[in-house]
Amino acid sequence: MKLALCALLGAALLPAGLINFDDVSGPVNTRAVQQSNHYSAQGVLIQTILNATDGLQVGDTFTATPRDDGFGVGAFATINAATATSSPNFAVSHHVVCDPTCHAVFASDELLFSFDTPVASASLVTDTANPEAADVVRLIALKRLGGNQYQILAITSGLDNATSFPANQLQVAVDGGFTDLLFETTTEAEGIDNLDFTNVPEPSTISLALLGACAIYSVRRITSAAISNERSRSRCS
Ligand SMILES: [Ca+2]
Ligand SMILES: [Ca+2]
Ligand SMILES: [Ca+2]
């Protein structure tokens, strides 16, 4: 029981990140292009690559062709009520642009997230445009092989017309972790928000987390025992 509690508390201290794209100000009904290293402080590089993976399955490999060094961020609230999960912004691939009526017109590029250190699990949510036709979107965990080559480790599929949790969330996890994450659109452009990820902990991080959690647990046990003893003494005197 004690070990289970310590492990639970330790897991809560493992390194993780959340990117909600809301630090970018100004863009309304268009997207502001961000460089791929915009979130490098959080350990993530975000690039737009040419469509390469529709139809590929777990175990397949592919070569990513960078389309642009970056991605788009914006608030598109008046386009089919395409609101962000966290207000005001969500992210799109670099070439999702506004035509004269300000609708997203470029559909086939993908967003590639490259992590500084391996990630055990990651999730994101799709935009809440409504009404919207159902198009397949996929979240794909990748192993970086070098030379822009990647192997597919795991795939989670969904439909982009979902507007509420949990249907609008895609989540993928891999034992041992993955280095890169691909958000794949197949037939229509789609915005994403709230990229959430948990890094694979270094052995030293696990030890420190468990040590800290167990120290907190032990202090609470000692404090609780001391209070209990004091109450017992009070009742006896
Ligand atoms: Ca947001
Ligand atoms: Ca959507
Ligand atoms: Ca759609």
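**A chat about loops and strands**

Biologist: Hi! Let me jump straight in: where does Phe21 lie?

Modeller: Phe21 lies in the loop between strand 1 (16–19) and strand 2 (32–35). Keep in mind that this is a predicted model.

Biologist: Thanks. Is Phe21 buried or exposed?

Modeller: Phe21 counts as buried, because its C-beta has 27 neighbours inside 10 Å and 20 or more are enough for that label.

Biologist: And what is phi of Phe21 near?

Modeller: Phi is near 65° there, a positive value in a residue other than glycine. Most residues other than glycine have a negative phi.

Biologist: What about Asn148, what is its phi near?

Modeller: Phi of Asn148 is also positive, near 65°, and Asn148 is not a glycine. You can find Asn148 in the loop between strand 9 and strand 10.

Biologist: How many C-beta neighbours does Asn148 have inside 10 Å?

Modeller: Asn148 has 13, so it counts as partly exposed. To be called exposed, a residue needs 12 or fewer.

Biologist: Let's zoom out. How many helices and strands are in the protein?

Modeller: The protein has two helices and twelve strands. Going from the N terminus, a helix comes at the start, the strands follow, and a helix ends the run.

Biologist: And how many of the residues count as buried?

Modeller: The protein has 237 residues, and 35% of them count as buried.

Biologist: What about contacts along the chain, how much comes from residues 24 or more positions apart?

Modeller: Such pairs make up 75% of the contacts with a separation of 6 or more.

Biologist: Back to strands. How many bridges join strand 8 to strand 11?

Modeller: Ten bridges link strand 8 (residues 110–126) with strand 11 (residues 169–185), and the two run antiparallel. As one example, Val125 stands opposite Gln169 of strand 11.

Biologist: And how does strand 9 run with strand 11, parallel or antiparallel?

Modeller: Antiparallel: strand 9 (residues 136–146) is joined to strand 11 by six bridges. In that pairing, Ala141 has Leu181 of strand 11 as its bridge partner.

Biologist: New topic, cis peptide bonds. Which residue is joined to Pro131 by one?

Modeller: Asn130 is, with omega of about 5°. Pro131 has its place in the loop between strand 8 and strand 9. Most peptide bonds are trans.

Biologist: What about the bond from Phe165 to Pro166, cis or trans?

Modeller: The bond from Phe165 to Pro166 is cis, and its omega is near 5°. Pro166 sits in the loop between strand 10 (149–159) and strand 11.

Terms used. Residues are numbered from 1 along each chain as its sequence is written. Chains are lettered from A and ligands numbered from 1 in the order in which they are written. This is a predicted model: local features need pLDDT of at least 70, side-chain atom pairs count only at pLDDT 80 or more; totals for chains, interfaces and linings use all residues. Helices (H or I, at least four residues) and strands (E, at least two) are DSSP runs, numbered from the N terminus. Two residues are in contact if their C-beta atoms, placed from the backbone, lie within 7 Å. Two strands pair if DSSP finds at least two bridges between them.
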